[in-house]
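I set out to record how the secondary structure elements of this chain are arranged. My entries follow the order in which I looked things up.

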Amino acid sequence: MASPVSVYNSNTLDTHISSTSRESLKMELLADVTLLPGEDRITDKDIIYICPFNGAVKGKVLITNYRLHFKSSDADVAVTLDVPLGAISRVEKMGGASSRGENSYGLDITCKDMRNLRFALKQEGHSRRDIFELLFRHAFPVSHGLPLFAYVTQEKYEENGWNIYKPIEEFRRQGLPNNKWRITFINKNYELCDTYPTVLAVPFKCKEEDLRRVAAFRSRTRIPVLSWIHRENQAVIVRCSQPLVGMSGKRNKDDERYLDMIREANETPKLTIYDARPNVNAVANKATGGGYEGDEYQNAELIFLDIQNIHVMRESLKKLKDIVYPNVEESHWLSSLESTHWLEHVKLVLSGAIQVADKVSSGNSVVVHCSDGWDRTAQLTSLAMLMLDSHYRTLRGFQVLIEKEWISFGHKFASRIGHGDKNHADQDRSPIFVQFIDCVWQMTKQFPTAFEFNERLLLTILDHLYSCRFGTFLYNCESARDQHEVRLKTVSLWSLVNSKTDIYLNPFYTPESGRVLYPVASMRHLELWVTYYIRWNPRIRQQQQSPVEQRYKELLALRDEYLKKLEELQLSDSAPSSRLANSSTPNTSSSTSPTPSQQYTQLQTPF
């Protein structure tokens, strides 16, 4: 049988070589992408990233069911992007088939984490149709009937982060129940209030039917319940929603009596009710059936804290993004920053929390509410508790605080963040939780030794607020999480954090159990959180590591090394003499000298 004649075709060979090299380059570019367990590749494509700092950069984009990953192919410009799809707010087509100009055809991606991305593609043959459809589908799974990535991931951790917060244990830590406050399970099936947790602390004297009557007079049936109690003076922080007073000025004797029971629990002369809203907004809420506590509430005083609503906060952060991304507005920086009003809002939230903490610290019980009691109320109670209780300033205590005051008490994470939802213009979106974390950061700046955790923890929390990799921030309330079996089918963010705690610890931390923190809430003392809001700017990113913190960590490591060497030397030194002693006096009592680690337990590097 004649062997086939091989015909040399230069074109075919060139094509084969170039396509092979292209494929190997493609594999090489994306080879270093470590996928999470359960993460699948969807597509990859040659693309041009319109970088706001380096101009047009050629490279390869990989899209999985969790992330968008871009890596540049230019040797001169090393650019890598790694964006969880959950952080994408909006995907739009840029230009059309007939668009003129270089790189005018492609995709515009708006992110929730203070950055935007722009990619250009070749104009021939609908080259962007597939990538647009795939990206749109996987960035917004809820809108396309797909599961969120938290339900797909197969990640495993030693510790189950869902066990970090147990309501009964946390109440016991605070000294509850006692003869003034009791634990009730009236809401165990979410029958009293579908946005509250199942375990609640209420005045000892009130009966279950009292609670039901009070619920009928509070917005969304969110009755006043205890968040925190002061161990010494027994003053409490109670949270709730607005009373349903309406235009006709309705009254509810049960609600009035219930608030007086709260006052009587520690014999506070006057119960202080902090309404987070501006006065004018609270009055306007009467038109929709809401309102505020009037003079009919005996032995109570009402204080408005002037914190604006979710819509004002959303617009404020949008303005901030405009002046920091892609480039920082240099020429009129201070006036531009002032015009966003972001720091002004942060100041008002902190100032309100300081007032709450100060009142409780001086022995007066307080009630905190806004309209529905799940946005500004959560900010105020959690920040006041952070100021009053050093436990919440530890790494695990802070996790408990977030689980308790934000997650279990029904801050509407799904509505405010829009996990997996394509409706980017939804009026329910608002950065309320981001603003809370900003306030915490401001406190860590003013009290650098008071917090066990560092800035990295705060950044990690905000990154995973959007990522949808963990179940922690999914859905609006506990009843919805139970319905979607979040604890059974997803991993908690705290599993990740507690698996490598060392990277989240503050080396300057000094425990002080009884100290109340009063940050200075004035514009002169507040700063823009540059390492969060401007971190995508490469110039900022290079400066992120604090040299003081870095040096301090090095000194601590050096100290540990020397202590270890000293211990080894002492052991080797004592070995021959102990053998000699044993041979001469076998019945000598074993009095051992302290180890270096015992000797140096008090050794501290002063800050």
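**Helix and sheet**

I began with helix 2 (residues 129-139), which lies across strand 1 (41-51), strand 2 (55-64), strand 3 (67-72), strand 5 and strand 6. I noted that helix 2 runs at about 165° to strand 5. I keep in mind throughout that this is a predicted model.

Next I asked in what order the strands form the sheet. I found an open sheet of 7 strands in the order 4-3-2-1-7-6-5, with antiparallel pairing. Strand 4 (80-84) and strand 5 (88-94) stand at the edges; each has a single partner strand, so one side of each is left without a neighbour in the sheet. Direction ignored, neighbouring strands of this sheet are turned against each other by 30° on average.

I then looked up one pair within the sheet. Strand 6 (residues 106-111) pairs with strand 7 (residues 116-120) over 5 bridges, in the antiparallel sense. For D108, I recorded R118 in strand 7 as the bridge partner.

**Two helices**

I turned to helix 11 (residues 395-408) and helix 14 (residues 455-467), whose axes come within 12 Å and cross at roughly 30°. Because angles under 35 degrees count as roughly parallel, I entered helix 11 as roughly parallel to helix 14. The crossing of helix 11 past helix 14 is right-handed.

Which residues make the contact? I listed L395, F398 and I402 of helix 11, and L457, L458 and I461 of helix 14. By class, the residues of this contact are 6 nonpolar, no polar and no charged.

Technical notes: Residues numbered from 1 in each chain as written. Predicted model: local features only at pLDDT ≥ 70, side-chain atom pairs only at ≥ 80, totals over all residues. Heavy atoms only, no water. Axes fitted to C-alpha atoms, helices over the stretch in contact; angles between N-to-C directions. Helix = DSSP H or I, 4+ residues; strand = E, 2+ residues; numbered from the N terminus. Parallel < 35°, antiparallel > 145°, perpendicular 65-115°, else oblique. Left-handed = near helix turned anticlockwise from the far one by under 90°. Contact = heavy atoms within 4.5 Å. Nonpolar A, V, L, I, M, F, W, Y, C, P; charged D, E, K, R; others polar. Pairing = 2+ DSSP bridges.
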